[in-house]
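Please open the structure in your viewer and keep the selection panel at hand. The tour below goes from the whole chain to a few chosen places, and at each stop it suggests what to select.

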Amino acid sequence: WFGHESNIKEIYKYLPMLKGLKLRLCTGNNNVLPTYVQWSKDALKAELARSNVVILPVSDPNTYKSANRLINAVMAGCFVVAENSLNHRDFRDYVYLGAIKGGVQYTQAFRHELDALTIRAQDYIASKYSPERIGAAWANVFDCI
């Protein structure tokens, strides 16, 4: 898991359930976590490189926030286990969306499928979120003003 320390409540409630896993947490200093890696761009890059799964619980499934953490994890080569939320539903064909416990069990049972799903997710993200596509969308917004 990685994220701003204001989002720690999202993962904190799952810590007892995740005991026994090689769980690593990357966040800022102001938190209540027992152990974590201090967040920096380089630290996050290193943590994602050493991971194969990222867990992304959400505090409010009806809040629309950016999918940036999911996108960053996938583009770093990690399979994502995330709770359902408005910002995750576009990725439902490529990541596990649902209960975190079920997602962890899925990654253990279908470990051999995770790389292929992650590659498909990367292709989807590259096509839908490319700088050219985002730039064209912004240009369209400004053309309408």
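Accessible areas here come from the Shrake-Rupley method with a 1.4 Å probe. With that in mind, begin with the surface of the whole protein, which exposes about 8,900 Å², with carbon and sulfur atoms supplying 53% of it. Please remember throughout that this is a predicted model.

**The whole chain**

Switch to a cartoon view, and you will find that the secondary structure comes to six helices and five strands, which follow the pattern α-β-β-α-β-α-β-β-α-α-α when read along the sequence. Taken along the principal axes, the C-alpha atoms fill a box of roughly 50 × 35 × 30 Å. The radius of gyration is 16 Å, which agrees with the value near 15 Å that a compact globule of 145 residues would have. Of these 145 residues, 40% count as buried, and among the contacts between residues at least 6 apart in sequence, 54% join residues at least 24 apart. If you colour by charge, there are 17 positive and 13 negative charges to find, and their mean positions are 7 Å apart.

**Leu 25 and Thr 27**

Select Leu 25 next, which lies in the loop between α1 (8–12) and β1 (26–27). Leu 25 counts as buried because its relative accessibility is 6%, under the 20% cut-off. Beyond residues up to four places away in sequence, Leu 25 touches Trp 1, Ile 11, Leu 15, Leu 33, Thr 35, Tyr 36 and Val 37. Add Gly 3 to the selection as well: Gly 3 and Leu 25 are 22 residues apart in sequence, and their C-alpha atoms are 8.4 Å apart in space.

Now move to Thr 27, which is found in strand β1 and is buried, with a relative accessible area of 0%. A polar atom of the Thr 27 side chain lies 3.2 Å from the backbone nitrogen of Glu 5. Leaving aside neighbours within four places in sequence, the residues in contact with Thr 27 include Trp 1, Gly 3, His 4, Ile 8, Gln 38 and Trp 39.

**Ser 59**

Is Ser 59, the next residue to select, buried or partly exposed? Ser 59 is partly exposed, with a relative accessible area of 45%, and its place is in the loop between β3 and α3 (68–75). Not counting residues up to four places away in sequence, Ser 59 touches Lys 9 and Glu 10. Show Ser 85 too, since the C-alpha atoms of Ser 59 and Ser 85 are separated by 9.4 Å, while the two residues are 26 apart along the chain.

**His 88**

Select His 88, placed in the loop between β4 (79–82) and β5 (96–97). With 3% relative accessibility, His 88 counts as buried. Where does a polar atom of the His 88 side chain lie 2.9 Å from a backbone oxygen? That oxygen belongs to Glu 83, which is also one of the residues that His 88 touches beyond four places in sequence, along with Leu 56, Val 58, Leu 70, Ala 82 and Leu 97.

**Helix α4**

For the last stop, select helix α4, residues 100–109, and within it the buried residues Ile 100, Gly 102, Gly 103, Val 104 and Thr 107. To see what these buried residues pack against, show β3 (53–56), β4, β5 and α5 (114–128) around them.

How values were computed. Residues numbered from 1 in each chain as written. Predicted model: local features only at pLDDT ≥ 70, side-chain atom pairs only at ≥ 80, totals over all residues. Heavy atoms only, no water. Helix = DSSP H or I, 4+ residues; strand = E, 2+ residues; numbered from the N terminus. Buried < 20%, exposed > 50% of the residue type's maximum accessible area, 1.4 Å probe, protein only. Polar contact = N/O pair within 3.5 Å; in protein donor to acceptor, adjacent residues only side chain to side chain. Contact = heavy atoms within 4.5 Å. Rg over C-alpha atoms; globule rule 2.2 N^0.38 Å. Lys, Arg positive; Asp, Glu negative; His and termini not counted. Charge placed at Lys NZ, Arg CZ, Asp CG, Glu CD.
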